[in-house]
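Here's a short set of exercises to work through with the model open beside you. Try each task yourself before reading the solution.

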Amino acid sequence: MESNAQRSHWNLKYEQGLPSLEKPDPFFISAFDQFLKDQLPHGGTALDLAGGIGRHALWLAEKSWHVTVIDISEVAIHKLGQKALDLGLALNLFARDASEYSFETAKFDLIVMFYHFDRSICAKVLSALKPGGFLICKSSLIWDGSEGPAPADLRPLAKNEIVAMLPTLQVMIHRERPVGDRGVVEYVGMKSGM
């Protein structure tokens, strides 16, 4: 699916509503509490890639984090902007494909990637993490050997591929498990150096 087709696809999905993407993922909250809560009690800088309607971004902003959200869907970014305004929260919002974002070196204490693992931007994501920064990621995994149609950079991950794609991060959590006819990988990595 090309960028415009992806944008149309996600705009339609967000117009129809995705209630399952309104609350933070339990793995995200658990990983945050385990690795970031005490380390940055007054907040930090975070990037939520393919952040959708902001389930993780809003949660972080409520905890005094400065959050940048990128999503290909203008509908999602508009809805997120309205919700942030209603809650009195400030977010930096960008309606664009993550591959079009201008990643700044060592800018973020935390990068969040949930169900959007774009292999083509891994090096940029890694460079955007500050030393001591964390990547919290959850993504689809090819479990039974079959995979559906998707662009090569966005197809589900293979078993153990996430570790190979993020070689400069210290692995804090790496779990892979089946979910129905597919799998899921949950990953937390930390960039070395302080």
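**Exercise 1: the overall picture**

How much area does the chain expose, and what share of it do carbon and sulfur atoms supply?

*Solution.* Start with the ground rules: this is a predicted model, where local features need pLDDT of at least 70, side-chain atom pairs count only at pLDDT 80 or more, and totals for chains, interfaces and linings use all residues. Residues are numbered from 1 along each chain as its sequence is written, and side-chain values use heavy atoms, with hydrogens and water left out.

Now the area: about 9500 Å² is exposed, with 52% of it coming from carbon and sulfur atoms. Accessible areas come from the Shrake-Rupley method with a 1.4 Å probe, and for residues only the protein chains shown count as cover.

Next, look inside: 47% of the 194 residues are buried (under 20% relative accessible area, with a 1.4 Å probe and protein chains only).

Finally, trace the fold. You'll find six helices and seven strands, counted as DSSP runs numbered from the N terminus (helices are H or I, at least four residues; strands are E, at least two). Their order is α-α-β-α-β-α-β-β-α-β-α-β-β.

**Exercise 2: the largest core**

Which residues touch the most other members of the largest nonpolar core?

*Solution.* First, the term: a nonpolar core is a set of buried Ala, Val, Leu, Ile, Met, Phe, Trp, Tyr and Cys residues joined through side-chain atoms within 4.5 Å. The largest one has 29 residues, and the members touching the most others are L60, W65, V67, L110 and I136.

Then see where the core comes from: elements that each supply at least two residues include helix 2 (26-35), helix 3 (55-61), strand 2 (66-71) and strand 5 (129-141).

Zoom in on L60. Beyond its neighbours within four places in sequence, L60 contacts F28, F32, A46, W65, V67, L110 and V112, where contact means heavy atoms within 4.5 Å.

Last step: another core, of 25 residues, lies apart from the largest one, and I111, M113, L166 and Y187 are among its members.

**Exercise 3: rings around F114**

Describe how F114 pairs with F27 and with F28.

*Solution.* Rings of Phe, Tyr and Trp (its six-membered ring) pair if their centres lie within 6.5 Å; planes under 30 degrees apart are stacked, over 60 edge-to-face, and the rest tilted.

Take F27 and F114: the centres are 6.5 Å apart and the planes sit at 40°, so this pair is tilted. F27 belongs to helix 2 and F114 to strand 4, 87 residues apart. Both F27 and F114 are buried.

Now F28 and F114: with 6.2 Å between centres and 80° between planes, they're edge-to-face. F28 is also in helix 2, and here the partners are 86 residues apart.

Put it together: ring pairs join F27, F28, F32, W59, W65 and F114 into a cluster.

**Exercise 4: two close-ups**

Which residues does T45 contact beyond its neighbours within four places in sequence, and where is L80?

*Solution.* T45 sits in strand 1 (residues 45-49). Its contacts are W65, H66, K107, F108, D109, L110 and K130. One of these has a polar side to it: a polar atom of the T45 side chain lies 2.9 Å from the backbone oxygen of K107.

L80 is in helix 4, and it's buried, with a relative accessible area of 0%. Leaving out residues up to four places away, L80 touches G52, I53, G54, L58, V69, L91 and L93.

Terms used: Buried < 20%, exposed > 50% of the residue type's maximum accessible area, 1.4 Å probe, protein only. Polar contact = N/O pair within 3.5 Å; in protein donor to acceptor, adjacent residues only side chain to side chain.
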